[in-house]
Every structure is written in structure tokens, then in C-alpha cells.
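Reader: I am new to this structure. Please take a close look at a single part and walk me through what is there.

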Amino acid sequence: MEVPDTPENTESCICGGCPTYIVGDKLLYCSVGKSDLELEQKGCICTDCALWPEYDLSKEYYCTEGKAE
Ligand code: SF4
Ligand code: SF4
């Protein structure tokens with residue numbers, strides 16, 4: 001399911017606490033798409049995010065693989 005790019009959803013995104021995340025990068029990759037940075041996959045915590053069940057998400061690593069469809 002597509003995730004709306006809203007301030008509320010950005011607030012809910014927990015990417016900032018993920019080992020793959022680079023401080024200062026954007027958030028809400030499941031909505032806005034991949035990072036522009038070269039990220040090294042070090043684990044993904046999307047399944048712990050409130051938006052994961054809310055939008056019936058099924059994948060991880062939206063920061064490197066692209067947004068949810
Ligand atoms: S599912 Fe992942 S990318 Fe999407 S808001 Fe949650 S932590 Fe961020
Ligand atoms: S999409 Fe997943 S791997 Fe990427 S920063 Fe967010 S929680 Fe971490």
C-alpha cells in the first residue's frame with residue numbers, strides 16, 4: 001500500500017534509530033523513495049514501525065530498494 005507523505009507519518013518514522021541510517025538523511029523512505037546517499041545495509045527496523053502494519057507493508061530496506069507500492 002502506498003504511504004502518504006505527511007508530517008504525521010514522518011513523525012512516526014523510526015529510521016533515525018536504525019543502524020543503516022545516516023544522520024541528516026531524509027526520512028519516510030517507504031513513501032518518498034530511496035536515499036540519495038550510498039547506504040550500506042546493516043539491518044532494517046521497519047517491521048517495528050507503527051506504519052508497517054498501518055499501511056500493510058511487507059518489505060524492508062525502503063531506503064535502498066525504493067518506496068512501498
Ligand atoms: S516503515 Fe520504515 S521507512 Fe517507513 S516510516 Fe517506518 S521506519 Fe520509516
Ligand atoms: S528503511 Fe529500513 S533499513 Fe532503511 S533506514 Fe529505515 S529502518 Fe533502516
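Author: A residue counts as buried under 20% relative accessible area and as exposed over 50%. With a relative accessible area of 57%, Asp56 is therefore exposed. Asp56 lies in the loop between α3 (51-54) and α4. Its phi is positive, about 55°, although Asp56 is not a glycine.

Keep in mind that this is a predicted model. Now turn to Leu28, the part to look at closely. Leu28 also has a positive phi, about 60°, and is not a glycine. Its place is the loop between α1 (7-12) and α2. The relative accessible area of Leu28 is 1%, so Leu28 is buried.

What is Leu28 in contact with, leaving aside its neighbours within four places in sequence? The partners are Val3, Pro4, Asp5, Thr6, Asn9, Thr10, Cys13, Gly33 and Leu51.

Leu28 also belongs to the largest nonpolar core, which has 19 residues. Val3, Leu28, Tyr29, Cys30, Leu51, Leu57 and Tyr62 touch the most other members. Two helices, α2 (29-32) and α4 (62-65), each supply at least two residues of this core.

Next comes ligand 1. Leu28 is one of the residues around it. The others are Cys13, Ile14, Cys15, Tyr29, Cys30, Cys46, Cys49, Leu51 and Leu57. By class, this shell has 10 nonpolar residues, no polar ones and no charged ones. The space that ligand 1 takes up is the largest cavity.

Put together, Leu28 is buried, is a member of the largest nonpolar core and is among the residues around ligand 1.

Terms used:
Residues are numbered from 1 along each chain as its sequence is written. Chains are lettered from A and ligands numbered from 1 in the order in which they are written. This is a predicted model: local features need pLDDT of at least 70, side-chain atom pairs count only at pLDDT 80 or more; totals for chains, interfaces and linings use all residues. Side-chain values use heavy atoms; hydrogens and water are left out. A nonpolar core is a set of buried Ala, Val, Leu, Ile, Met, Phe, Trp, Tyr and Cys residues joined through side-chain atoms within 4.5 Å. Buried means under 20% relative accessible area, exposed over 50%, partly exposed in between (1.4 Å probe, protein chains only). Helices (H or I, at least four residues) and strands (E, at least two) are DSSP runs, numbered from the N terminus. Contact means heavy atoms within 4.5 Å. A residue is near a molecule or strand if one of its heavy atoms lies within 4 Å of it. On a 1 Å grid over the protein atoms alone, a cavity is a set of points where a 1.4 Å probe fits but cannot get out, and a pocket is an open set with protein on both sides within 12 Å along at least five of seven lines; lining residues have an atom within 4 Å of a point. A molecule sits in a cavity or pocket if more than half of its atoms lie within 2 Å of its grid points. Ala, Val, Leu, Ile, Met, Phe, Trp, Tyr, Cys and Pro count as nonpolar, Asp, Glu, Lys and Arg as charged, and the others, Gly among them, as polar.
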